[in-house]
Amino acid sequence: EDMRQRLMRGQAEGVIIHRIDRSSRYYTDWAHIDQLSQQGIKVFFAADGLDFDSTGGRLMADIQMVLAAHYSRNLSFEVKKGLYGRIKQGHYPFRAPIGYLDNGEGQLKTIDPVKGPLVKVAFELYCSGEYSITSLTAEVVSLGLTGWGGRPVVRRNIETMLRNPFYIGKMKICGTLYDAIHEPLITAHQF
């Protein structure tokens, strides 16, 4: 949007886009590119070699855009179908939560031998009723629990962790709870 506004203000004579299928994913974006061209701003496609100023070139660009939009929609559908297939089989296809390890595509998440026990302690301490989220965060940080990239966990991480049914062998995805086949870290009673 910023680029389009800058072009409209005359800060450049035109725009070079690598390929038509990389220029937009939605027809509304394509309409913005068309609008730029209609207002005299040059539109070039480096890899497609189309003359966007000619009627034939514009027609070919429109056809390629329709095909790119169809490809994008179909790819999205296939990716979602694959993800939900894996979810229904009990595999969690996203990044493992703190306390678990990613073992590569198609592999189960496994309990992290370092962080897993610390996450389990965090649940036990919270179940004791003696800790608020803030004091629990401070305690697990002092025990050495870290988040992604070795960064210290923060309150938000602990809140997310305590609400995540992944730790009892379930997966909550888009509001739906699915059974998972990875090893639970805590009991349903603790959760």
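This report describes one helix, one buried residue, a pocket and a cavity in a predicted model.

**Helix 3**

Helix 3 runs over residues 27–38 and holds 12 residues. From its first C-alpha to its last it reaches 16 Å, close to the 16 Å expected at 1.5 Å a residue. Within helix 3, the residues Trp-30, Ile-33, Leu-36 and Ser-37 are buried. They lie on the same side of helix 3, because they cover an arc of only 110 degrees around the axis. An α-helix has 3.6 residues a turn, so residues three or four places apart point the same way. Thr-28 and Gln-38 sit on the other side of helix 3, and both are exposed. Just after helix 3 comes Gly-40, which takes a positive phi of about 90 degrees.

**Ile-20**

Ile-20 belongs to helix 2, which spans residues 20–23. The relative accessible area of Ile-20 is 0%, so this residue counts as buried, the cut-off being under 20%. Which residues is Ile-20 in contact with, leaving aside its neighbours within four places in sequence? They are Trp-30, Phe-45, Asp-48, Leu-50, Ala-61, Gln-64 and Met-65. One of these contacts, Trp-30, is also one of the buried residues in helix 3. Arg-6 is 14 residues from Ile-20 along the chain, and the C-alpha atoms of Ile-20 and Arg-6 are separated by 21 Å.

**Pocket and cavity**

The structure holds 1 cavity of 30 Å³ or more. The table sets out volumes for the largest pocket and the largest cavity.

| Space | Volume |
|---|---|
| Largest pocket | about 270 Å³ |
| Largest cavity | about 40 Å³ |

The lining of the largest pocket includes Tyr-92, Arg-95, Ala-96, Pro-97 and Ile-98. Further along the chain, Trp-148, Asn-157, Thr-160, Met-161, Asn-164, Phe-166 and Tyr-167 also line the largest pocket. By class, this pocket lining has 8 nonpolar, 3 polar and 1 charged residues.

The largest cavity is lined by Gly-90, His-91, Tyr-92, Gln-107, Leu-108, Lys-109, Phe-166 and His-182. Its lining has 3 nonpolar, 4 polar and 1 charged residues by class. Tyr-92 and Phe-166 appear in the lining of the largest pocket and also in that of the largest cavity.

Notes. Residues numbered from 1 in each chain as written. Predicted model: local features only at pLDDT ≥ 70, side-chain atom pairs only at ≥ 80, totals over all residues. Heavy atoms only, no water. 1 Å grid on protein atoms, 1.4 Å probe; cavity = no way out; pocket = protein on both sides within 12 Å on 5 of 7 lines; lining within 4 Å. Points joined across faces, edges and corners; volume = space filled by probe spheres on them. Nonpolar A, V, L, I, M, F, W, Y, C, P; charged D, E, K, R; others polar. Helix = DSSP H or I, 4+ residues; strand = E, 2+ residues; numbered from the N terminus. Expected span 1.5 Å × (residues − 1). Buried < 20%, exposed > 50% of the residue type's maximum accessible area, 1.4 Å probe, protein only. Arc of directions from axis to C-beta. Contact = heavy atoms within 4.5 Å.
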